[in-house]
Amino acid sequence: MPLYEYELCDGECVVCGGRFTLRRPLTAPALTQCPACQKPVRRVLSGFSTPKLLKPVSVTDAKKAGFTVLKRVSKGEYERQ
Ligand SMILES: [Zn+2]
């Protein structure tokens with residue numbers, strides 16, 4: 001059974017601490033209330049790594065990534081490359 005993490009949408013709960021994990025079958029309906037205090041909860045997506053934004057390391061990479069690269073030609077002036 002997958003482990004789900006939940007947190008309270010609002011307020012605090014002394015019973016569950018405001019954040020708790022529950023083992024539930026995949027087929028179980030989404031939990032909307034804390035089983036302990038009946039306050040509304042939402043599922044916390046944990047264990048997923050958010051994809052890191054690719055940082056362009058060069059002008060070429062930046063252009064490939066769709067950046068408009070501006071070259072600084074003099075003080076306060078920039079030139080489109
Ligand atoms: Zn609770």
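This passage walks through the fold of the protein chain and then turns to one residue, R43. The model is a predicted one.

Along the protein chain there are one helix and five strands. Read from the N terminus, these elements follow the order β-β-β-α-β-β. The protein chain has 81 residues, and 4% of them count as buried. Among its contacts with a separation of 6 or more, 34% link residues 24 or more positions apart.

A good place to begin is the sheet. Three strands make up an open sheet, arranged in the order β2-β1-β3 with antiparallel pairing. At its edges lie β2 (19-23) and β3, each of which pairs on one side only. From one strand to the next, the twist averages 35 degrees. The pairing of β1 (residues 3-8) with β3 is antiparallel and runs over four bridges. Within this pairing, L8 has V41 in β3 as its bridge partner.

Strand β3, which spans residues 41-44, is also home to R43. Is R43 buried or exposed? The answer falls in between: R43 counts as partly exposed because it has 13 C-beta neighbours inside 10 Å, whereas a residue would need 20 or more to be buried and 12 or fewer to be exposed. Leaving aside residues up to four places away in sequence, R43 touches Y4, E5, Y6 and A30. R43 and L8 are 35 residues apart along the chain, and 8.8 Å separates their C-alpha atoms.

Methods. Residues are numbered from 1 along each chain as its sequence is written. This is a predicted model: local features need pLDDT of at least 70, side-chain atom pairs count only at pLDDT 80 or more; totals for chains, interfaces and linings use all residues. Helices (H or I, at least four residues) and strands (E, at least two) are DSSP runs, numbered from the N terminus. Two residues are in contact if their C-beta atoms, placed from the backbone, lie within 7 Å. Two strands pair if DSSP finds at least two bridges between them. Axes are lines fitted to C-alpha atoms, for helices over the stretch in contact, and angles run from 0 to 180 degrees between N-to-C directions.
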